[in-house]
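Hi,

Here is the structure I promised to pass on. Have a look at it first, then read my notes below with the model open beside you.

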Amino acid sequence: MFSRKKMLLIAIMATISNSVFAETVAMQIKVINENVAVLSAKLAEMDVKAKIAGKQQEIDRLGVSTGVSQTDAAAKELPVVRSIEGVDGRMLAILATGSGEIKTVVRGDKVGEWTINKIDVNSVTLAHGKQIVRLGFGAEAPATLQIPQGGIPASGFPSTGPR
């Protein structure tokens, strides 16, 4: 009889522990699923924020009107070197800005957001933070080039039209 009571008690304990274990596992799975849902929502939010930041950088780079004035947008554009002159290493350059302003500059001067880093006989080097740009003498900025309707004139002379 003693062994039957033990067997019955063991069977009851096993049944109880299995149901408790099953409830515990079910609760753990439920908590894990809830955590996964929360983390997925946070990841989606971060993705949207990253896309917004990327678009904002693109807008800032292009100077699209989002409260940025024309003078702010022009300040970000690169100037065009019109002339360079000087003697004994004391050089100066005449630059044309995107807004049409003509400036005479020496090393250390600012043009918009750009600082004149170096002027040599053939070029002007500009710096803006870690960005460094070398402008060749007489080079036109791509945004200001306008090709005449008849094509590019030879040697800078106006085209004479079709023959």
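**The nonpolar core**

The largest nonpolar core has 14 residues, and the members that touch the most others are I84, A93, L95, I116, I119 and V124. At least two residues of this core come from each of strand 1 (80–87), strand 2 (90–96), strand 5 (114–119), strand 6 (123–128) and strand 7 (131–136). As background, nonpolar side chains in soluble globular proteins tend to be buried together. Before you go further, keep in mind that this is a predicted model.

L95 is a good residue to click on. Which residues does L95 contact, once you leave aside its neighbours within four places in sequence? The list is P79, V80, V81, R82, E101, I102, K103, V105, V111, I116 and V124.

**The chain as a whole**

Zooming out, the protein chain has two helices and seven strands. Starting from the N terminus, you meet the elements in the order α-α-β-β-β-β-β-β-β. The protein chain is 163 residues long, and 16% of them count as buried. Its accessible surface is about 13,000 Å², with 61% of that belonging to carbon and sulfur atoms. If you take the contacts in the protein chain with a separation of 6 or more, 31% are between residues 24 or more positions apart.

**Strands 1, 2 and 3**

A reminder for this part: strands of a sheet pair through backbone hydrogen bonds, either parallel or antiparallel.

Strand 1 and strand 2 are paired in the antiparallel sense, with seven bridges. Two of the bridge partners in strand 2 are easy to look up: A93 is the partner of I84, and M91 is the partner of G86. The two strands make a hairpin with two residues between them, and D88 in the turn has a positive phi of about 55 degrees.

Strand 2 also pairs with strand 3 (residues 102–105), again in the antiparallel sense, over four bridges. Here L95 has K103 in strand 3 as its bridge partner, while A93 has V105 in strand 3. A93 is worth a second look: I84 is its bridge partner on one hand, and V105 on the other. Strand 2 and strand 3 form a hairpin too, with five residues between them, and G100 in its turn has a positive phi of about 95 degrees.

**The four-stranded sheet**

Next, find the open sheet of four strands, which has the order 4-5-6-7 and antiparallel pairing. Why do strand 4 (110–111) and strand 7 each have one side without a neighbour in the sheet? Both stand at the edges with a single partner strand each, so one side is left without a neighbour.

Strand 6 and strand 7 run antiparallel and are joined by six bridges. V124, one of the core residues named above, has L135 in strand 7 as its bridge partner.

Two other residues in this part are worth opening up. S123 is in strand 6 and is buried, with a relative accessible area of 1%. Its side chain makes a polar contact with the side chain of R134, at 3.1 Å.

T125 is in strand 6 as well. Is T125 buried or exposed? With a relative accessibility of 14%, T125 counts as buried, because the cut-off for that is under 20%. Leaving aside its neighbours within four places in sequence, T125 is in contact with T115, I116, N117, K118, I132, V133 and R134.

**A salt bridge in helix 1**

Finally, how many salt bridges does a search of the whole structure find? It finds one. The residues that form it are E45 and K49, whose closest N and O atoms are 3.5 Å apart. Side chains of opposite charge can pair when their charged atoms come close. Both E45 and K49 lie in helix 1 (residues 2–62), and they are four residues apart, about one turn of the helix. E45 counts as partly exposed at 44% relative accessibility, whereas K49 is exposed, with a relative accessible area of 53%.

Have fun exploring it!

Technical notes:
Residues numbered from 1 in each chain as written. Predicted model: local features only at pLDDT ≥ 70, side-chain atom pairs only at ≥ 80, totals over all residues. Heavy atoms only, no water. Core = buried A, V, L, I, M, F, W, Y, C linked by side-chain atoms within 4.5 Å. Buried < 20%, exposed > 50% of the residue type's maximum accessible area, 1.4 Å probe, protein only. Contact = heavy atoms within 4.5 Å. Pairing = 2+ DSSP bridges. Areas by Shrake-Rupley, 256 points an atom, 1.4 Å probe, with all protein chains shown as cover. Polar contact = N/O pair within 3.5 Å; in protein donor to acceptor, adjacent residues only side chain to side chain. Salt bridge = Lys/Arg side-chain N within 4 Å of Asp/Glu carboxyl O.
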